[in-house]
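Reader: Hi! I have a new structure open and could use a hand finding my way around. Can we go through it together?

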Amino acid sequence: MFKFFRARAKDPITSFEAAASIKDVAKMHNEVIVAGLQRFGPMGKDQIANNTGLQPNQVSRRLSELEEIGLIELTGKQVKSNSGRNEREWRFKPVQQELA
């Protein structure tokens, strides 16, 4: 059985189809977010959106996924959102590789 992006096992087939169709877009968003954090340094969700051209909701959907795969992490700091509220600050997490 295939594992589809963003669809639960009990969802109707249309949910699986929709999830499959968004894979390329999600990958592009992930790449843009990581590149933005690498270029501009630690930022909150709204700052990431402002600096990358993505919408805040597009950024928000990807942050936990990027954290889960180890590409970004929380800094432990709070920054101000566009509306003046506190939001969590994220940073790029460099990958350490062993030299052969």
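Reader: Let me jump right in: what do the buried residues of α3 pack against?

Author: Happy to help, and please keep in mind that this is a predicted model. The buried residues of α3 pack against two other helices, α2 (23–40) and α4 (56–68), as well as the strands β1 (43–44) and β3 (86–92).

Reader: Which residues of α3 are the buried ones?

Author: Helix α3 covers residues 45–52, and its buried residues are D46, I48 and A49. Looking down the axis of α3, you find them within an arc of 160°, so they line one face of the helix.

Reader: And what comes just after α3?

Author: There you meet G53, which has a positive phi of about 85°.

Reader: Can we zoom out for a second? How many helices and strands does the chain have?

Author: The protein chain has four helices and three strands. Their order along the sequence is α-α-β-α-α-β-β.

Reader: How much of the chain is buried?

Author: Of the 100 residues in the protein chain, 30% are buried. The accessible surface is about 7300 Å², and carbon and sulfur atoms account for 50% of that surface.

Reader: What about contacts between parts far apart in sequence?

Author: Take the contacts between residues at least 6 apart in sequence: 41% of these join residues at least 24 apart.

Reader: Back to the helices, then. At what angle do α2 and α3 cross?

Author: They cross at roughly 95°, and their axes come within 10 Å. That makes α2 roughly perpendicular to α3. On the α2 side, the contact involves V32, I33, G36, L37 and F40, while α3 contributes I48, N51 and T52. By type, the residues of this contact between α2 and α3 are five nonpolar, three polar and no charged.

Reader: How do α2 and α4 pack?

Author: The angle for α2 and α4 is about 80°, and their axes lie 10 Å apart. So α2 is roughly perpendicular to α4.

Reader: Which residues meet there?

Author: From α2 you have A26, H29, N30, I33 and V34, and they meet Q58, V59, R62, L63, E65 and L66 of α4. The residues in this contact of α2 with α4 divide into six nonpolar, three polar and two charged.

Reader: I'd like to look at H29. Is H29 buried or exposed?

Author: H29, in helix α2, has a relative accessible area of 5%, so it is buried. Leaving aside residues up to four places away in sequence, H29 touches L54, Q58 and R62.

Reader: And N30: buried or exposed?

Author: N30 is also part of helix α2. Its relative accessible area is 17%; because buried means under 20%, N30 counts as buried. With residues up to four places away in sequence left out, N30 touches R62, E65 and L66.

Reader: New topic: where is M43?

Author: M43 sits in strand β1. The relative accessibility of M43 is 2%, so it counts as buried.

Reader: What does M43 touch?

Author: Not counting residues up to four places away in sequence, M43 touches G36, L37, I48, N51, R88, E89 and W90. Also have a look at M43 and E87: they are 44 residues apart along the chain, and their C-alpha atoms are separated by 9.5 Å.

Reader: Great, thanks for the tour!

Technical notes
Residues are numbered from 1 along each chain as its sequence is written. This is a predicted model: local features need pLDDT of at least 70, side-chain atom pairs count only at pLDDT 80 or more; totals for chains, interfaces and linings use all residues. Side-chain values use heavy atoms; hydrogens and water are left out. Buried means under 20% relative accessible area, exposed over 50%, partly exposed in between (1.4 Å probe, protein chains only). Contact means heavy atoms within 4.5 Å. Accessible areas come from the Shrake-Rupley method with a 1.4 Å probe; for residues, only the protein chains shown count as cover. The arc is that of the directions from the helix axis to the C-beta atoms. Axes are lines fitted to C-alpha atoms, for helices over the stretch in contact, and angles run from 0 to 180 degrees between N-to-C directions. Angles under 35 degrees count as roughly parallel, over 145 as roughly antiparallel, 65 to 115 as roughly perpendicular and the rest as oblique. Ala, Val, Leu, Ile, Met, Phe, Trp, Tyr, Cys and Pro count as nonpolar, Asp, Glu, Lys and Arg as charged, and the others, Gly among them, as polar.
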